[in-house]
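Subject: Structure handover

Hi,

Here is the structure for you to look over. My notes follow below it.

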Amino acid sequence: MAVLEASDWPAGAKSYMHARSRGDGSVALQHGTSNSHFADGQNDNDRLHEPSFHGLRVPCAAIGALFAGVDGTTIVLASLVGATGYQFLISGAPWNLHFHIGAGVAAALLYLLIGRSSGFYQVAEIFSSGRRSVSGLLWQWLISCLLLSLLAFLFRIGIEFSRGSIICFFVVALGCLLASRRLMKMSLSWALRKGRVQGRRVVLIGWRDELAAISQADMLCHFGLSEVARIALPNGGDWSLAISKRLLASLDEALLTARDQGAEEIVLALSWNDTRSIELIRERLRCSPLPVQLLPDQMVRYLIENPAFTVNHSLSIEIQRMPLSKFEQFAKRALDVVGASAALLFFLPVLLVTALAIKFDSPGPVLFRQRRSGFNAKRFLIFKFRTMTVMENDAIVSQATRHDPRVTSLGRVLRATSIDELPQLFNVLLGDMSLIGPRPHAVAHDDQYGKILADYAYRHHVKPGITGWAQVHGCRGNTSEVGLMRKRLDMDLWYISNRNLGLDVMILFRTFAEVLRHRNAY
């Protein structure tokens, strides 16, 4: 079904499976090559990096667009070559360049629209066998030619074209499409052998029997995915208390691996009949903002690969989507970059004066840096103007209180006016934070409240913000009481569920009014 057989899988792209039993019946398998090395700072997990390839790598998601672009260009060029060849070599009559270019463009659009609607440019179809690919191409071009002829008849422009030149165009284009498709597949085979094709980075989780039936080549060629690790869950179907605990521990390990390895998605390889396991695993993975996809199990894959059935070859189920779509991510990031850049230029004099004032007011650095949890609970260093005489960044961090003796005299002014938060504009430009989002708390406080409030982890489904829905409603200051944190968390979760660009702009304007009120700012 795939272009490459197992023996063709590139030696440079082959990775061995590093298996490590955790003593609980589950196994973490991670990929590496002979030159893989252990990641720095990793302790008992002993995770291995994925294979590293040098040079340009083509995203698997872009291959369909690349093939479509080549096909469209081939058809337009074939319209010119076919018409030119017929007019100069056979008829000798003058010809209308613009009409033939228009015919080529119209044919290309029809061909691409039919291909898109039929899934001709999906990853699984591109990697399918040569016979299947040729058959699809022939039918697609035949339908395009018939539709183009119908359009010419309906718009009464057929008289502008020579029948001979049109037939020549159809034949030349068909030959060029077959040749270009063959050439593109040969190039794709070469890129695979050289390890130059990169799918979406995923962590694969599933039962041992399902994992054993899925190779890396299957993941890449059928679904456009590159696995950075696979986690084998313990004893599928056994629902004893001990096994259930080990299953949950394995899922927590998978989430940690996904975060450390920079995975873009979590993929499940489970039996579709095991609805109880699917629901339990889905519920456990809700705390992660990564999309979760359920692959076809062995029985479904049998139906997919059986020529007696007509099924989408890349059939899979998305059981959890990304918190934001690609367009929403782009729009929010654009607002962050433009807004943060404009704010830095506007507040540049304030930043410079504040830095000098802190330097002369008390000994110590100008900036206070502390580890916080960002999107998907990834750690980053937050920047603030120093307002205290201490620089706490340990397992225990004491929250500021009213009349806190640790706050300097200048620090009280900076905190009351929120000027101390302005350096976080750099965090926004670095991509660690957003202008609008749940406020990031110290890692020690995340650990504390994550154990008390079951839905606390959902705050990490979006980037933290300089200001947010909770802050414009007065939820600022000390959260030493669980009730105060519960109120702030409810506000944050409401924002995550209802966020949009208009809401972000409204929060920005309301923030200016909130700063002037000095409510709970100390």
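Start with A513. This residue is partly exposed, with a relative accessible area of 43%. Here buried means under 20% relative accessible area, exposed means over 50%, and partly exposed is in between, with a 1.4 Å probe and protein chains only as cover. A513 lies in helix α16. Its C-alpha atom is separated by 8.4 Å from that of V472, and the two residues are 41 apart along the chain.

Some ground rules. This is a predicted model, in which local features need pLDDT of at least 70 and side-chain atom pairs count only at pLDDT 80 or more, while totals for chains, interfaces and linings use all residues. Residues are numbered from 1 along each chain as its sequence is written, and side-chain values use heavy atoms, with hydrogens and water left out.

Overall picture

The protein has 16 helices and 13 strands. Both are DSSP runs numbered from the N terminus: helices are H or I with at least four residues, strands are E with at least two. Of the 522 residues, 47% are buried. Take the contacts between residues at least 6 apart in sequence: 73% of them join residues at least 24 apart. A contact means heavy atoms within 4.5 Å. The exposed surface comes to about 26200 Å², and carbon and sulfur atoms supply 63% of it. That area comes from the Shrake-Rupley method with a 1.4 Å probe.

Strands β5 to β8

β5 covers residues 200–206 and pairs with β7 in the parallel sense over 5 bridges. Two strands pair if DSSP finds at least two bridges between them. L204 has V267 of β7 as its bridge partner. β5 is also joined to β6 by 7 bridges, again parallel. In that pairing, R201 stands opposite S226 of β6.

How enclosed is β6? All of it is covered: 8 of the 8 residues in 225–232 are buried, so the strand is largely enclosed by the rest of the structure.

β7 (residues 265–269) is mostly covered too, with 5 of its 5 residues buried. Its two faces can be read off separately. E265, V267 and A269 are buried on one side, and I266 and L268 are buried on the other.

β7 also runs parallel to β8 (residues 292–294), with 3 bridges between them. I266 has V292 of β8 as its bridge partner. The chain gets from β7 to β8 through helix α9 (residues 275–284), and this β-α-β crossover is right-handed. Right-handed means that, with the strands pointing away from the viewer, the path from the first strand over the helix to the second runs clockwise.

Helix α15 and K332

α15 spans residues 482–498, 17 in number. From first C-alpha to last it reaches 24 Å, close to the 24 Å expected at 1.5 Å a residue. The expected span is 1.5 Å times one less than the number of residues.

Which residues of α15 are buried? They are M485, R488, L489, M491, D492, L493, Y495 and I496. The buried residues pack against α11 (326–361), β12 (434–436), α14 (443–452) and α16 (501–517).

K332 sits in helix α11. This lysine is buried, with a relative accessible area of 13%. Leaving out residues up to four places away in sequence, K332 touches L324, S434, I436, Y495 and D504. Y495 is among the buried residues of α15.

Loops with positive phi

Two loop residues are worth a look. A377 has a positive phi of about 65° although it is not a glycine. A377 lies in the loop between β10 (367–373) and β11 (379–385). The residue is buried, at 16% relative accessible area.

S418 is the other. Its phi is near 65°, also positive in a residue other than glycine. S418 is in the loop between α12 (409–417) and α13 (424–430). This serine is buried, with a relative accessible area of 13%.

Cysteines

How many disulfides does a search of the whole structure find? The count is 0. A disulfide here is a pair of cysteine sulfur atoms within 2.5 Å. C145 is buried at 10% relative accessible area, and C475 is buried at 9%.

Best wishes
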